[in-house]
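Me: I am new to this structure and would like a close look at a single part of it. Please take one helix and walk me through its surroundings with care.

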Amino acid sequence: MLSRHPTLQGFFGAEITTIPVTGEVIEINDNNRVPSDTSGCDTIRNQPEVMGRIALMNRGGGCQISKKVLMAQEAGAIGAIICNSDNSVGTMNPGAFGSQ
């Protein structure tokens, strides 16, 4: 079932274009447990599964959005989706990791 959800592009990284990015979406596991194993705040443990796919992770966990994207990039992901636990759309600023 398809549904629409509010989205926001990060204020770092490549611009979103009209060229589609397609790939399998896979939930990451960083074994962080703060607040879950899918926060993306630490090294991604299921790197072989993430490689060449779109990484799905939860917002929160005590780290910046840019760190989550960097962890996904270092695991070989071709993209990242950061999922909110509520219906709000927050900002995604570059923070300390946005230029890496």
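Reply: In helix α2, the residues Ile65, Ser66, Lys68, Leu70, Met71 and Ala72 are buried, where buried means under 20% relative accessible area, exposed means over 50%, and partly exposed lies in between, with a 1.4 Å probe and protein chains only. Helices (H or I, at least four residues) and strands (E, at least two) are DSSP runs numbered from the N terminus. The model is a predicted one, in which local features need pLDDT of at least 70 and side-chain atom pairs count only at pLDDT 80 or more, while totals for chains, interfaces and linings use all residues. Residues are numbered from 1 along each chain as its sequence is written, and side-chain values use heavy atoms, with hydrogens and water left out.

The buried residues of α2 pack against β2 and β3, a contact being heavy atoms within 4.5 Å. Val69, by comparison, has its place in helix α2 and is partly exposed, because its relative accessible area is 24%. Between the C-alpha atoms of Val69 and Ile82, which stand 13 residues apart along the chain, the separation is 8.6 Å. Just after α2 comes Gly76, whose phi is positive, near 90°.

The sheet beside this helix is open and has 3 strands in the order β1-β2-β3, with parallel pairing; two strands pair if DSSP finds at least two bridges between them. Its edge strands are β1 (25-27) and β3 (79-83), each of which pairs on one side only. From one strand to the next the twist averages 30°. Helix α2, residues 65-74, packs on the sheet and touches β2 and β3, and its direction makes about 140° with that of β3; axes here are lines fitted to C-alpha atoms, for helices over the stretch in contact, and angles run from 0 to 180 degrees between N-to-C directions.

Strand β2, residues 54-58, pairs with β3 in the parallel sense over 5 bridges, and one detail of the pairing is that Met57 has Ile82 in β3 as its bridge partner. Going from β2 through α2 to β3, the chain makes a β-α-β crossover that is right-handed, which means that, with the strands pointing away from the viewer, the path from the first strand over the helix to the second runs clockwise.

The loop that leads into the helix also deserves attention. A search of the whole structure finds 1 disulfide, a term for a pair of cysteine sulfur atoms within 2.5 Å. This disulfide is formed by Cys41 and Cys63, whose sulfur atoms are 2.1 Å apart, and with -80° about the S-S bond the link is left-handed. Because Cys41 lies in the loop between β1 and α1 and Cys63 in the loop between β2 and α2, the pair ties together parts that are 22 residues apart in sequence. Cys41 counts as buried because its relative accessibility is 4%, whereas Cys83, at 35% relative accessibility, counts as partly exposed.

For the wider setting, the chain has 2 helices and 3 strands, running β-α-β-α-β from the N terminus on. The chain averages a pLDDT of 80, and 72% of the residues score at least 70, pLDDT being the predictor's confidence in each residue, from 0 to 100. Where pLDDT is low, the predicted coordinates should not be read in detail.
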